[in-house]
Amino acid sequence: MDGTRRFWSGLAGVGLLAVGAVVVARPLVLVGAGALGAFLLATQYQFVRTVTRLDETVTVEQSVTPDTVSTTDTARLVCEVTLDAPRRETLTVRLRPPAGVRVADPEALSVTLEPGDRTASTVVSVEAPVAGSHTFDPPAATVVDDRIRFRETLSVGAPVTLRARPPALGDLHVGRGGDPIAVGYGEHGATRGGAGLEPAELREYQPGDAANRIAWKATARLDETFVREFEAETDRTVALVVDGRESMAAGAPGRTKADVARALGLAALDSARRAADPLALVLCDEAGVRDALDPAATHDHYERARGRLDQVRAPETGDTSGQSELRGQGHRSTDLARQRAALLADDETRFGRTLRPYVGAVGTHVERVADDPLFAAVRARVARVGGTVRTVLITDDTHRAEVFETAKLARTRTERVTVFLLPSVLYEPGALADPAAAYDRYRSFEEFRRRLDRLAGVSAFEAGPRDRLDAVLDSRPEGRPA
Amino acid sequence: MTTAADRSSSVADRIRERFRSLTVPGVGLSLATPAVLFAVAGPRAAAVGLFGAAIWLLAPVYAFLVAQAGLLAVAPESLAITNLLALQGAVALLLLAELVTERVHAVTVLGFLGLLAVLGGGATAAVTTAVEPWVVAVAVLSGVGVVAYGLHRVELVALGLVPEGP
């Protein structure tokens with residue numbers, strides 16, 4: 001409770017009377033000091049009485065519509081204040097948006113009920129440019145008594161949460177050789193039933209939950225409604241690996257490889273969630289595993305994974321354009337390197353003698369890529385997941401040798417591997433300036449994708465902007481095979 | 001920037017608001033002040049009461065302070081306890097009239113009367129004995145301060161606004 005200037009003036013009057021009585025030696029006035037003090041205390045008590053009963057008389061409803069938006073869209077934050085009867089105090093309710101939420105009109109965040117008013121409302125447009133959950137604290141209500149002696153601010157109402165999702169990518173193509181895929185990813189005929197479900201963790205009841213999932217004992221014990229999550233006894237785990245290295249930064253703002261990887265990852269998550277498949281998540285960067293979640297199939301786990309995927313961004317990087325093709329061509333398979341080494345082993349010409357030292361130490365590509373982040377991540381996190389596992393690998397074509405060996409490794413440890421390859425030629429700015437060169441790069445990518453796709457148990461798909469892919473395919477020179 | 005016209009308009013609004021809030025019982029109680037003062041101490045005291053009641057129409061706390069100053073002028077130096085109580089009781093009607101005007105809860109009025117008895121009555125008893133006036137002044141101020149702080153803490157606890165301990 002804060003006293004206003006008027007209250008402190010009254011208190012000063014008490015002091016004036018008390019001191020004055022002593023100074024002029026007239027005790028009569030001391031009695032007056034006591035009377036004025038009693039009056040101020042009585043008004044203070046009246047205010048305390050009013051404020052402590054505020055909850056019973058004021059209803060503040062705060063809501064945000066819709067509660068899930070894209071980071072580029074706006075939502076409406078609505079606050080409605082209703083009194084059961086007109087009051088003599090002034091009530092000001094102020095909304096409290098969190099940091100990270102932009103408000104179109106900050107002045108509209110406050111709504112005031114003057115003495116005699118019974119209802120008031122305000123609507124504010126808000127934006128959440130950062131993906132994630134944004135919680136609006138309960139509004140702050142400031143009460144000022146009708147004689148403006150006291151002021152108090154307290155929270156009324158309930159918090160609300162606005163979820164911001166990254167913007168959807170409009171014309172994303174996912175397919176093989178320019179042909180979009182026709183079948184749904186990730187669907188399998190798991191029939192649900194009472195058997196085959198293991199009870200897992202408790203969580204608070206949310207509107208829409210089935211009544212037969214209410215955990216009655218916990219509800220009675222904790223005086224709040226809880227439901228029990230069930231984990232499916234399926235061992236068909238989905239291991240989702242998303243590459244977040246520097247090369248994933250290529251692309252136009254909002255349509256970088258990282259943005260597409262995020263969208264694909266979220267689609268894979270939704271698919272696993274629909275089938276109630278346990279999901280493991282691995283996010284990589286240049287240093288290796290940046291973030292990881294062990295497999296689980298609970299609501300909270302899927303939401304945690306969603307939150308991690310929402311944060312996937314184009315990494316801070318230097319200029320990566322032009323590097324991928326060079327690196328792509330420089331990375332060849334182990335077989336090809338061995339073939340070349342074998343050819344040059346017996347070549348005694350000057351050419352052979354010059355080149356032999358460079359292909360002499362072939363080693364294996366597995367040894368070479370063993371320390372590469374993606375390979376190391378799959379070996380460390382995915383290979384040890386038990387049961388039947390399906391690996392989903394989302395990466396680009398920059399590190400082809402590593403991707404190839406990683407897919408092979410994943411296939412040896414998991415049931416199936418699905419690779420979503422993002423062709424750099426469809427993302428790098430300026431890559432389409434030379435249509436012939438762009439087509440050659442796309443052909444090179446397609447050859448690599450087919451090599452991957454030919455691996456037993458591996459399906460490899462391309463993913464990229466439809467318009468750029470069409471531009472590349474349209475620029476196919478006459479007489480060149482597709 | 002607030003202009004003189006804005007300020008005078010604001011004052012006029014406040015005066016209008018004040019007059020709109022007056023009630024018959026409140027005005028009646030305020031007019032009882034000069035009547036009681038006349039009965040206790042004659043016409044000069046009644047004039048003080050009338051002046052105080054007039055100011056009460058606009059500013060009740062200032063009216064009480066002005067009435068106290070008036071009492072100092074018209075009341076004799078030494079007073080019998082009953083006269084002292086009667087004079088201060090009459091002036092305290094101005095404060096009671098304000099509580100009635102504000103339509104406070106009955107418990108609040110009872111609380112005022114109780115505190116009046118304790119603080120005012122205690123001060124009366126003290127000054128009519130051998131206690132030094134400054135001691136009584138300190139006791140009155142301390143008593144007001146302690147009760148005010150206590151009400152503040154009660155409010156914080158009731159609203160759950162007490163900060164967490166270390």
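**Exercise 1. Which residue is the bridge partner of Val174(A) in strand 23 of chain A? Place the pair in its sheet.**

*Solution.* The model is predicted.
Step 1. Look across from Val174(A) into strand 23 of chain A: the bridge partner is Ala463(A).
Step 2. Take the strands as a pair. Strand 12 and strand 23 of chain A run antiparallel and are joined by four bridges.
Step 3. Widen the view. Both strands belong to an open sheet of eight strands in chain A, ordered 13-12-23-22-21-16-19-20. Its pairing is mixed.
Step 4. Find the edges. Strand 13 (179–180) and strand 20 (288–296) of chain A each pair on one side only.

**Exercise 2. Describe the hairpin of strand 12 and strand 13 of chain A.**

*Solution.*
Step 1. Count the bridges: two join strand 12 to strand 13 of chain A, and the strands run antiparallel.
Step 2. Name a pair. Gly175(A) has Pro180(A) as its bridge partner in strand 13 of chain A.
Step 3. Inspect the turn. Two residues lie between the strands of this hairpin, and Gly177(A) takes a positive phi near 55 degrees.

**Exercise 3. How do strand 21 and strand 22 of chain A run, parallel or antiparallel? Then find the helices that pack on the sheet.**

*Solution.*
Step 1. Strand 21 (residues 388–396) and strand 22 (residues 416–422) of chain A run parallel, joined by seven bridges.
Step 2. Pick out one position: Leu393(A) stands opposite Val419(A) in strand 22 of chain A.
Step 3. Add helix 12 (residues 400–413) of chain A. This helix packs on the sheet and touches strand 21, strand 22 and strand 23 (458–465) of chain A. Its direction makes about 160 degrees with that of strand 22 of chain A.
Step 4. Add helix 13 (residues 435–454) of chain A. It touches strand 12 (172–176), strand 22 and strand 23 of chain A. The angle between the directions of helix 13 and strand 23 of chain A is about 150 degrees.

**Exercise 4. How many residues of chain A are in contact with chain B? Characterise the interface.**

*Solution.*
Step 1. Count: 42 residues of chain A are in contact with 50 residues of chain B.
Step 2. Take the area. About 4,000 Å² is buried between the chains, with 75% from carbon and sulfur atoms. On the chain A side, Arg26(A), Leu28(A) and Leu41(A) lose the most area to chain B, together 16% of what that side buries.
Step 3. List the polar links. Nine residue pairs are in polar contact across the interface. The salt-bridge count is one. Arg149(A) and Glu102(B) meet in a salt bridge at 2.8 Å, N to O.
Step 4. Assign elements. Helix 2 of chain A gives the most to the side that touches chain B, with 23 residues.
Step 5. Sort by class: that side of chain A has 23 nonpolar, 12 polar and seven charged residues.

Key
Residues are numbered from 1 along each chain as its sequence is written. Chains are lettered from A and ligands numbered from 1 in the order in which they are written. This is a predicted model: local features need pLDDT of at least 70, side-chain atom pairs count only at pLDDT 80 or more; totals for chains, interfaces and linings use all residues. Side-chain values use heavy atoms; hydrogens and water are left out. Contact means heavy atoms within 4.5 Å. Buried area is the accessible area (1.4 Å probe) that two parts lose on being put together, summed over both. A salt bridge is a side-chain nitrogen of Lys or Arg within 4 Å of a carboxyl oxygen of Asp or Glu. A polar contact is a pair of N or O atoms within 3.5 Å; within protein, one must be able to donate a hydrogen and the other to accept it, and residues adjacent in sequence count only if both atoms are side-chain atoms. Ala, Val, Leu, Ile, Met, Phe, Trp, Tyr, Cys and Pro count as nonpolar, Asp, Glu, Lys and Arg as charged, and the others, Gly among them, as polar. Two strands pair if DSSP finds at least two bridges between them. Axes are lines fitted to C-alpha atoms, for helices over the stretch in contact, and angles run from 0 to 180 degrees between N-to-C directions.
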